[in-house]
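Grab a coffee and have the model open while you work through these exercises. Try each task yourself before reading the solution under it.

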Amino acid sequence: MTSSSLGRRLVACLLNVSEARHKDLVETVAKAALYSTEGVRREETTVLNIFNDHDYNRSVITIVSSIDSIRESVLSACERACGLIDMRAHIGVHPCMGAVDLIPIYPLGDEVGVEDCAKEARAVAQGLTERVQGTSVFLFGWADSPLQRGLAYRRKEMGWFKKTPDLQVIRPDVGPQPQRQFGVTGVGASPYVMNCNVTIDTQDIAMGRSIASAIRESTPGGLPGVQVLALPHEGAVEIACNVESIKGSPPAKMNTTKQWPSFSIDGQPYCHAPAALITARVAELAGKQGVRVKGTALVGFTPRECRGLAELALSQGIAEFWKEQRRIRM
């Protein structure tokens, strides 16, 4: 950690919004996190990355800020998104339930604990439903106190995996019965969750689902921390993975030469399955059926990358870092 970063108490929000086909709209949402309505920049905030997926019609905006500033940055972005995105007109391959679909908040170092992020997440949930009348929220992870139910569990409970979720049967944790215009938003906190998508060169969705099932954490022999879907994507099949951080060291049964990246939160060690291992496992399973891997995409960064780039952006006063990212990382 650099001396200039001391006291920043950095956290990240990987804001998921249900729009990617109008990139100017998504950038408008990102800029709302960075600037007040009067155009004044929020000094302790940067947007590191905007990941747009046309087929999914979904974007992920990586907002990093001090924990003292994250609430207003995220709420301002959400308020703008809800004014621009109407779920009644949304079409996309990826399951989603809200104009603002997910608001996960993650600590980026020892200075902030997951409980601190959970407190902010609950405040964001309350603030969203107050500032945008008609929005509804379910909580997940540490924000879902005291049960701490995970995102996959809560999504299933909300009907997220259904082709057409029935909003009338959903019981949100905060806010009114969900409306079709806004849908329902998941707000939570946890150790960092990385998104790793591996594309296989087939249109056989059944094959993709069998591979997804094999690497899923809940399957015997699956990869720890990996939650996964198989989705049609650009004429192929994407194995879309949420890679949750796990406490401690990799399980002994994961006998692999691929190093598991590690980091620390509140003095506790965490690690996560590396993208190379996930890709190798998918390639192995697909190869047995005569199918090759086309490529792997990280949606954003690893926890260590996110922290390092945030420190760089903030030390150099770069708010719209996504525009500079390729130049700076070369």
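**Exercise 1.** In which strand is L15 found? Place it, then work out its surroundings.

*Solution.* Before starting, note that this is a predicted model, where local features need pLDDT of at least 70, side-chain atom pairs count only at pLDDT 80 or more, and totals for chains, interfaces and linings use all residues. Residues are numbered from 1 along each chain as its sequence is written, and side-chain values use heavy atoms, with hydrogens and water left out.

Step 1: L15 sits in strand β1, residues 10-17. (Strands are DSSP runs of E with at least two residues, helices are runs of H or I with at least four, and both are numbered from the N terminus.)

Step 2: L15 has a relative accessible area of 0%, so it is buried. (Buried means under 20% relative accessible area, exposed over 50% and partly exposed in between, with a 1.4 Å probe and protein chains only.)

Step 3: list what L15 touches, skipping residues up to four places away in sequence: V29, S59, V60, I61, I63, A77, C78, V100, L102 and I103. (Contact means heavy atoms within 4.5 Å.)

Step 4: for a long-range check, take G300, which is 285 residues from L15 along the chain, with 11 Å between their C-alpha atoms.

**Exercise 2.** Which residues have the most contacts inside the largest nonpolar core?

*Solution.* Step 1: fix the term. A nonpolar core is a set of buried Ala, Val, Leu, Ile, Met, Phe, Trp, Tyr and Cys residues joined through side-chain atoms within 4.5 Å.

Step 2: the largest such core has 50 residues, and L48, Y192, I215, V226, I239 and I278 have the most contacts inside it.

Step 3: zoom in on I239. Leaving aside neighbours within four places in sequence, I239 contacts C196, N197, V198, I200, G208, I211, I215, V228, L229, A230 and V282.

Step 4: don't stop there, as another core of 46 residues lies apart from that one, with V26, I50, V112 and A189 among its members.

**Exercise 3.** What lines the largest pocket, and which residues lie nearest its centre?

*Solution.* Step 1: get the definition straight. On a 1 Å grid over the protein atoms alone, a pocket is an open set of points with protein on both sides within 12 Å along at least five of seven lines, where a 1.4 Å probe that fits but cannot get out would mark a cavity instead; lining residues have an atom within 4 Å of a point.

Step 2: the largest pocket's volume is about 860 Å³. (Grid points are joined across faces, edges and corners, and a volume is the space filled by probe spheres set on the points.)

Step 3: its lining has 41 residues, with L151, R155, V193, Q227 and N242 nearest the centre.

Step 4: sort that lining by class and you get 22 nonpolar, twelve polar and seven charged residues. (Ala, Val, Leu, Ile, Met, Phe, Trp, Tyr, Cys and Pro count as nonpolar, Asp, Glu, Lys and Arg as charged, and the others, Gly among them, as polar.)

Step 5: repeat for the second largest pocket, at about 580 Å³. Of its 20 lining residues, M87, C96, K163, T164 and P165 are the closest to its centre. The class split there is ten nonpolar, six polar and four charged.

**Exercise 4.** How many disulfides does the count come to?

*Solution.* Step 1: the rule is a pair of cysteine sulfur atoms within 2.5 Å. By that rule, the count is zero.

Step 2: check C117. Its nearest cysteine sulfur belongs to C13, 10 Å away, and C117 is in no disulfide. At 0% relative accessibility, C117 counts as buried.

Step 3: C306 is in no disulfide either, with the sulfur of C13 nearest at 11 Å.

**Exercise 5.** Which residues does a cis peptide bond join, and where is Q148?

*Solution.* Step 1: the cis bond joins S145 and P146, with omega about 5°. P146 is in the loop between β5 and α4.

Step 2: Q148 lies in the loop between β5 and α4. Q148 isn't a glycine, yet its phi is positive, about 55°. With a relative accessible area of 37%, Q148 is partly exposed.

Step 3: now look at N57, a non-glycine with a positive phi of about 55°. N57 is in the loop between β2 (45-53) and β3 (58-66), and is buried at 5% relative accessible area.
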